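I want to keep a record of what I look up in this structure, one entry at a time. I will begin with a single residue and then widen the view.

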Amino acid sequence: MFKLTGTLKVANETQVISEKFSKREFVIETKDQYPQLVMFQLTQDKCELLSAFKVGNEIEVSFNLRGREWTSPAGEVRYFNTLEAWRLERLDGNGESIQDKARVDQIEDDGDGLPF
């Protein structure tokens with residue numbers, strides 16, 4: 001499992017490849033010294049995860065690295081990698097998860113002063 005944070009730059013529509021397979025690609029831009037544009041894909045029921053986000057949102061992507069071998073009809077062997085996303089979280093401007101921040105706010109707002 002890997003994680004990468006960045007700004008959502010491109011959010012493509014879901015592509016139906018066959019009756020049994022659909023995918024949705026998106027791109028995030030990292031905030032490194034030399035920003036990178038990294039493309040991920042969501043598959044099957046995970047395609048809808050992206051619907052909760054807008055271009056410009058800062059997000060954290062949890063993903064798996066997938067690799068495969070393909071042999072062309074001419075016998076040429078090629079290798080491909082895919083970054084398969086399985087979880088997306090919106091971050092605030094400080095790189096903290098908005099979901100986690102909301103949980104902390106709920107605890108602090110109980111009014112009884114207890115952290116549980």
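**Entry 1: one residue in a strand**

I began with Arg-78, which is found in strand S6, a strand covering residues 77-90. I keep in mind throughout that this is a predicted model. Is Arg-78 buried, exposed or partly exposed? Its relative accessibility is 40%, and since only values under 20% are called buried and only values over 50% exposed, Arg-78 counts as partly exposed.

Next I looked for the partners of Arg-78, leaving aside its neighbours within four places in sequence, and found it in contact with Arg-68, Glu-69 and Trp-70. For Arg-68 I also noted the separation from Arg-78, which is 10 residues in sequence and 8.5 Å in space from C-alpha to C-alpha.

**Entry 2: the whole protein**

I then stepped back to the secondary structure, which comes to 1 helix and 6 strands. In which order do they come along the sequence? The pattern I read is β-β-β-β-β-β-α.

Of the 116 residues in the protein, 29% are buried. I noted an accessible surface of about 8,300 Å², with 50% of it belonging to carbon and sulfur atoms. When I looked at contacts between residues at least 6 apart in sequence, I found that 47% of them join residues at least 24 apart.

**Entry 3: the nonpolar core**

How many residues does the largest nonpolar core have? I found 13, and those with the most contacts inside this core are Leu-8, Phe-26, Ile-28, Phe-40, Ile-59, Val-61 and Leu-88. Two or more residues are given to the core by each of strand S3 (21-29), strand S4 (37-43), strand S5 (58-71) and S6. As background I wrote down that nonpolar side chains in soluble globular proteins tend to be buried together.

I followed Phe-26 further, again leaving aside neighbours within four places in sequence, and its contacts include Leu-8, Val-10, Val-38, Phe-40, Leu-50, Ile-59, Val-61, Ala-85 and Leu-88.

**Entry 4: aromatic pairs**

Searching the whole structure for aromatic pairs, I found 4 of them. One joins Phe-26 and Phe-40, whose ring centres are 5.4 Å apart and whose planes stand at 20°, so the pair is stacked. Because Phe-26 lies in strand S3 and Phe-40 in strand S4, this pair ties together parts that are 14 residues apart in sequence. Phe-26 and Phe-40 are both buried.

I turned then to Trp-70 and Phe-80, which form an edge-to-face pair, 6.5 Å from centre to centre and with 65° between the planes. Trp-70 lies in strand S5 and Phe-80 in strand S6, so here the parts tied together are 10 residues apart in sequence. I noted that Trp-70 is partly exposed at 42% relative accessibility, and that Phe-80 is also partly exposed, at 30%. Trp-70 had already appeared in my first entry, as one of the contacts of Arg-78.

Which residues do the ring pairs link into a cluster? My note reads Phe-2, Phe-26, Phe-40 and Phe-63.

**Entry 5: salt bridges**

My last search, over the whole structure, was for salt bridges, and it gave 4. In one of them the side chains of Glu-60 and Lys-3 meet, at 3.8 Å from N to O. Glu-60 is in strand S5 and Lys-3 in strand S1 (residues 2-11), so I had a link between distant parts of the chain, 57 residues apart. Glu-60 is buried, with a relative accessible area of 18%, whereas Lys-3 is partly exposed at 46%.

Lys-31 and Glu-58 form another salt bridge, with their closest N and O atoms 3.6 Å apart. Since Lys-31 lies in the loop between S3 and S4 and Glu-58 in strand S5, the pair ties together parts that are 27 residues apart in sequence. Lys-31 counts as exposed at 58% relative accessibility, while Glu-58, at 17%, counts as buried.

I also wrote down the salt bridge between the side chains of Glu-89 and Arg-87, at 3.2 Å from N to O. Here Glu-89 counts as buried, with 8% relative accessibility, and Arg-87 as partly exposed, with 40%.

How values were computed
Residues numbered from 1 in each chain as written. Predicted model: local features only at pLDDT ≥ 70, side-chain atom pairs only at ≥ 80, totals over all residues. Heavy atoms only, no water. Helix = DSSP H or I, 4+ residues; strand = E, 2+ residues; numbered from the N terminus. Buried < 20%, exposed > 50% of the residue type's maximum accessible area, 1.4 Å probe, protein only. Contact = heavy atoms within 4.5 Å. Areas by Shrake-Rupley, 256 points an atom, 1.4 Å probe, with all protein chains shown as cover. Core = buried A, V, L, I, M, F, W, Y, C linked by side-chain atoms within 4.5 Å. Phe/Tyr/Trp six-rings, centres within 6.5 Å; stacked < 30°, edge-to-face > 60°.
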